[in-house]
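Let's take a walk through this one together. Have the sequence and the 3D view open side by side, and we'll begin at the ligand.

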Amino acid sequence: MSTTHQPLTIAAVGCGSRARTYTSIAMSMEGRYQVTAGADPVPDRLEAMRTISANPDFKAFESADELLAQDRLADVLIIGTQDNYHFEPAKKALEKGYHLLLEKPAAQTMEETLELARLAKKYDRKILLCFVLRYTDFYSKAYEIVQSGRLGEVMNIHATEGVDAWHQVHSYVRGNWARTGESTPMIIAKCSHDTDYISWLMGSKCTSVSSYGRLSYFTEANAPEGATDRCTSGCPHAKPQGGNCMYDAHRYLGEKGSWLRMVYHHPTERKEEDLLNWFKTSPWGRCAWKCDNDAVDHQVVNMDFENGGTASLTMTAFDCGRGLEIYGTKACLRGGDIYDGFASSDMMIRDHATGEVELIKLKVAEDDGYQGHGGGDQGLVNAMDAIFRGEGSQNSLIEHAIEGHLIGFAAEESRLAGGKPVLLDSHQRGSA
Ligand SMILES: NC(=O)c1ccc[n+]([C@@H]2O[C@H](COP(=O)([O-])OP(=O)(O)OC[C@H]3O[C@@H](n4cnc5c(N)ncnc54)[C@H](O)[C@@H]3O)[C@@H](O)[C@H]2O)c1
C-alpha cells in the first residue's frame, strides 16, 4: 500500500478488545494511520492503547465524556464501548465533528439507530458500522458471486448462526450480553452481522419480519443434580471433584484460556490461586444453569423483502459456525463451516440447467478462518482507510447498512409478541 497519503488520525472511546484490534491493524499499515487519543476507565487498557499508538503525544482520558469535552482530537473516533454505551458517545462525537467507526450494534433501540443515521446526515459526517462479516473471504466471495449474476435472481436465502455452546455460556449466560436489558437482545448482539449480510445480499428493503425463540436450556431447571452456584464451591461436576462438566469454569485455566483473556487482565501472569479466587466472585465462575441470564439460546427469523425475495435465519447455541444457502433462479450456492468440515470446500454451486456442481475452496486466513473474523477485521480497517479518505465504496455506511439493525429490532419485537409479524413500513423507518 502506498504511503503518499497523510496519516488518518484516529482516537478510541473504549480501549477494549475490539478497539485494540482495529488500532493494532491500523498501526501495522505503515504511514496510513496515527492513533492520537484514547479513553477508558481501566488504566491497563488505556496503557495498552498508548503502547499500540507508539505516539509520544498520545492523550489518555478516563472516560468518553472527558475525551469528548476536548476539541476534536482526530479525524475518526472508534466507539468500542459495550452495547449499552454506543448511542450517547456517538451522538456527542458527531456533534464534535468526528467521523465514526461505530461498533455494532449502533445503539440499543431502532429509534436511536435511526437517530444516529439522521445526525450523520445533519452534520455531514460518516458512520462506518463494524460489520466485519462483509469483509471476510467467504462472505465477500458469496456476495461477488451473487453480483455476477451466476445464481440468477435470488429468490431466497437461509442463514444459520451456530454460536457454539461454550461461547454462548461465556458471553450470553455468564457474560456481557446475558441480560438483554443491560445490553441488547441476542438477535441484535450476535446476529446483526447475519441480518446485515442477508439484507446486503438481497439488495432490497425488508418489509416484514416474524420471529420465535426463547431461553430453553441454560436455566436452573436443567442444572445437573447437586450442582452448586459456583464451579469453585465444591461442585461435584467440577474438575477438582473428578467431574467433567463442559461448562466448568476450571476449563478457563486450561483449554479455554483464550476466553479468559477477553474478560480478565493478564491471566497468564497470575498465580492459579488468584484465578481461582477470582472465580469465587466473578460472573465467569457461576454455574451455567444458575445465572441471571435472559438472552435466548435459540431463535428463528423470517424476512420478506420489497423485491419479492424471502429469507430465514436460525440462531442456535447448539452448533458451531455459520452456514449460508442462496437459492437463485439459475443456481444455488451452499457454504459454511459444515461444508468445509465434510466436503473440504468452502462453498458449492449447483447449476439448475446442467445439474453440475462446482466446489469452491477459498484461501482463508489460517488463524481463524471464515467462521470467525478471518480477514474481516483487516478488511474493515482497509475500508475505513478508503471510506474516510473519500475513495472507497460507501456500502457499509450507516445509511446503506441500517437494514440489518431494523430487521434485528423488528425480530425481537415479533418474538416478544409471540411471533406476530412486524411491518417495516415508512412509519417504523422514520425519515432515515
Ligand atoms: N464487530 C464485531 O465483530 C464485534 C465482535 C465482538 C464485539 N463487538 C462489539 O464491540 C463492542 C465492544 O466489545 P469488546 O469485546 O471490545 O468489549 P470490551 O469490554 O473489551 O471493551 C469495552 C471497553 O469500554 C470501556 N468503557 C466502559 N465505560 C467507558 C466509558 N465511560 N468511557 C470509555 N470507555 C469505557 C471498558 O472499560 C472496556 O475496556 C461491543 O458493543 C460488542 O458488542 C463487535
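Start with the ligand, which has 23 residues around it. Gly14, Gly16, Arg18, Ala64 and Glu103 are the closest of these. Sort the shell by class and you get ten nonpolar residues, seven polar ones and six charged ones. Keep in mind that this is a predicted model.

Now zoom out to the whole chain. The protein chain splits into three pieces: domain 1 covers 8-130, domain 2 is put together from 133-218, 294-374 and 392-429, and domain 3 takes 225-285. Between the C-alpha centres of domain 1 and domain 3 there are 33 Å.

In secondary structure, the protein chain has 15 helices and 15 strands. Its radius of gyration is 22 Å, close to the 22 Å that the globule rule gives for 432 residues, so the chain is as compact as a globular protein of that length. Along the principal axes, the C-alpha atoms fill a box of roughly 60 × 55 × 45 Å. Of the 432 residues, 47% count as buried. As for contacts between residues at least 6 apart in sequence, 70% of them join residues at least 24 apart.

One helix deserves a stop of its own. Why is helix H9 (residues 192-202) described as largely enclosed by the rest of the structure? Eleven of its eleven residues are buried, so the surrounding structure largely encloses H9. The buried residues of H9 include His193, Asp194 and Asp196, along with Tyr197, Ile198, Trp200, Leu201 and Met202. Right after H9 comes Gly203, with a positive phi near 65°.

Technical notes. Residues numbered from 1 in each chain as written. Predicted model: local features only at pLDDT ≥ 70, side-chain atom pairs only at ≥ 80, totals over all residues. Buried ≥ 20, exposed ≤ 12 C-beta atoms within 10 Å, placed from the backbone. Helix = DSSP H or I, 4+ residues; strand = E, 2+ residues; numbered from the N terminus. Near = placed C-beta within 6 Å. Nonpolar A, V, L, I, M, F, W, Y, C, P; charged D, E, K, R; others polar. Domains from an automatic or database assignment. Rg over C-alpha atoms; globule rule 2.2 N^0.38 Å. Contact = placed C-beta atoms within 7 Å.
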